[in-house]
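This briefing is intended for a reader who is new to protein structure. Please look at the sequence and the model before reading the points beneath them.

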Amino acid sequence: MNIYLVPFTWFRHVAVSLYTTGAVVMTWWVLLAIRVWISPKIGIVWLPAVEGVIVLSTVAAVLAASSLGAETTLRRQAILERILLPIGAALVAALFAASGYAIAHILHLYLLVPRAEMEIVADPTLTSLRYRLLEWAFAGWSAGMGAYTIRVLYRKFIDGLGFGASFAGWWDHLGGGLASGLFGAAIWHNVGYSGWKIVGIPPNLYWASAFGLIAWGFTFGLLTWGVPAELYAGWIRVISAPRGAHRIPIDHADGKAAERFIGSFTRGLDLHLPAERGVAELHVSFVTDGQQNYSVRGLSQHHLLVKRPLERVDLRYDPRRPAPLETDLQPEDRLILGTGAQQTVLEFLLLPKEER
């Protein structure tokens, strides 16, 4: 993944999901190729009794690894970390998934089903969700556990965080992993036994495995870890002439609180704009608290309007007030300085920090 290709829009919330989904699709295809084509050619075919644990454990490992792989790539971590952290997550996830599969199988055989049905449950070719739900649930939870364990250990090792801070995000990973596994199981069962007749897909276990794993992979990436806002920083871009496309950063390089002043005065301002374009000597300032919160202040009695969908905010300074008016900023908010033909338009953007 490349942070330059993930804009600060709704797309960043699904970018990791698409990445994990792609990893799952490739894993499903490889497992299918091994089972159908490669194994018969080399004379080594796994037994039906281990097919379920192989598929679920492998996909859980791939999901945990792809989640860590996406993060380490987006953060531009060292190449060794990009290799070792996903491998560690995959090993933890595979271990928990395989153990969970065995535990679920034992629970079904000896505790959860009547003695008369034990022979049915023991059949490795059984595909009923009634007797396979726990296996999917354990697999989804294990994928989240693998990614979460490595993230906690890494943060603890690098930053030396305290107990409470180092265990933040546990619900996203464990709850999201469990929910994604259950959702994948529901899709697997639905396609396998009912099909999707509305789109022409009959009941088919071949398609069931594909769509079930895809649903698991997508919801896992959607619920457990997304592209964080901390990878982005605020920028001011001039849209109108004569300085169109010119932009300056709001944040300091050290990440501390900052304020950028804009006006037509020729010295001492962060962004100088011509007075003939409706800009006062000291017109407006952009503020950040260093915690990804941005706002804009009106410092002049000249025309200053913040425009966003379904909202307009007039920030002209009122001398009767003890402080200038201020409003929070959202990505792609536009500021109009001046009126009529003498007008300058600015835009607030959130771009990757590496743009600096």
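The points below cover two sheets, a hairpin, a surface patch and one loop residue.

The structure is a predicted model. Five strands form one open sheet, and six strands form another open sheet. As general background, the strands of a sheet pair through backbone hydrogen bonds, in either a parallel or an antiparallel manner.

**The five-stranded sheet**

- The strands of this open sheet follow the order 4-3-5-6-9, and their pairing is mixed.
- Strand 4 (271-272) and strand 9 (326-328) are the edge strands, since each of them pairs on one side only.
- Two bridges link strand 3 (residues 258-263) with strand 4, and this pairing is parallel.
- Gly-263 has His-272, in strand 4, as its bridge partner.

**The six-stranded sheet**

- Here the order of the strands is 2-1-11-10-7-8, and the pairing is antiparallel.
- The edges are strand 2 (247-249) and strand 8 (311-314), each of which pairs on one side only.
- From one strand to the next, the twist averages 25°.
- Strand 1 (residues 232-238) and strand 11 (residues 342-352) run antiparallel and are joined by seven bridges.
- Ile-236 is matched with Phe-348, its bridge partner in strand 11.

**The hairpin of strands 7 and 8**

- Strand 7 (residues 304-308) pairs with strand 8 in the antiparallel sense, over four bridges.
- The bridge partner of Val-306 is Val-313, which belongs to strand 8.
- These two strands form a hairpin with two residues between them.
- Leu-310, in the turn, has a positive phi of about 65°.

**A nonpolar surface patch**

- Ile-79, Leu-80, Ile-83, Leu-84, Ile-87 and Leu-91 make a nonpolar surface patch of about 620 Å².
- Ile-83, one of the residues of this patch, is located in helix 3 (residues 79-112).
- Ile-83 counts as partly exposed because its relative accessible area is 42%, and the partly exposed class lies between under 20% (buried) and over 50% (exposed).

**Glu-281 in its loop**

- Glu-281 is situated in the loop between strand 4 and strand 5 (284-288).
- Its relative accessibility is 51%, so Glu-281 counts as exposed, the cut-off being over 50%.
- Apart from its neighbours within four places in sequence, Glu-281 is in contact with Gly-263, Ser-264, Phe-265 and Leu-269.
- Among these contacts is Gly-263, the residue that has His-272 as its bridge partner.
- Glu-281 and His-302 are 21 residues apart along the chain, and a distance of 10.0 Å separates their C-alpha atoms.

Definitions and conventions:
Residues are numbered from 1 along each chain as its sequence is written. This is a predicted model: local features need pLDDT of at least 70, side-chain atom pairs count only at pLDDT 80 or more; totals for chains, interfaces and linings use all residues. Side-chain values use heavy atoms; hydrogens and water are left out. Two strands pair if DSSP finds at least two bridges between them. Axes are lines fitted to C-alpha atoms, for helices over the stretch in contact, and angles run from 0 to 180 degrees between N-to-C directions. Patches are made of residues with over 30% relative accessible area and no salt bridge: like charges are joined within 9 Å, nonpolar side chains (Val, Leu, Ile, Met, Phe, Trp, Tyr) within 5 Å. Accessible areas come from the Shrake-Rupley method with a 1.4 Å probe; for residues, only the protein chains shown count as cover. A salt bridge is a side-chain nitrogen of Lys or Arg within 4 Å of a carboxyl oxygen of Asp or Glu. Buried means under 20% relative accessible area, exposed over 50%, partly exposed in between (1.4 Å probe, protein chains only). Contact means heavy atoms within 4.5 Å.
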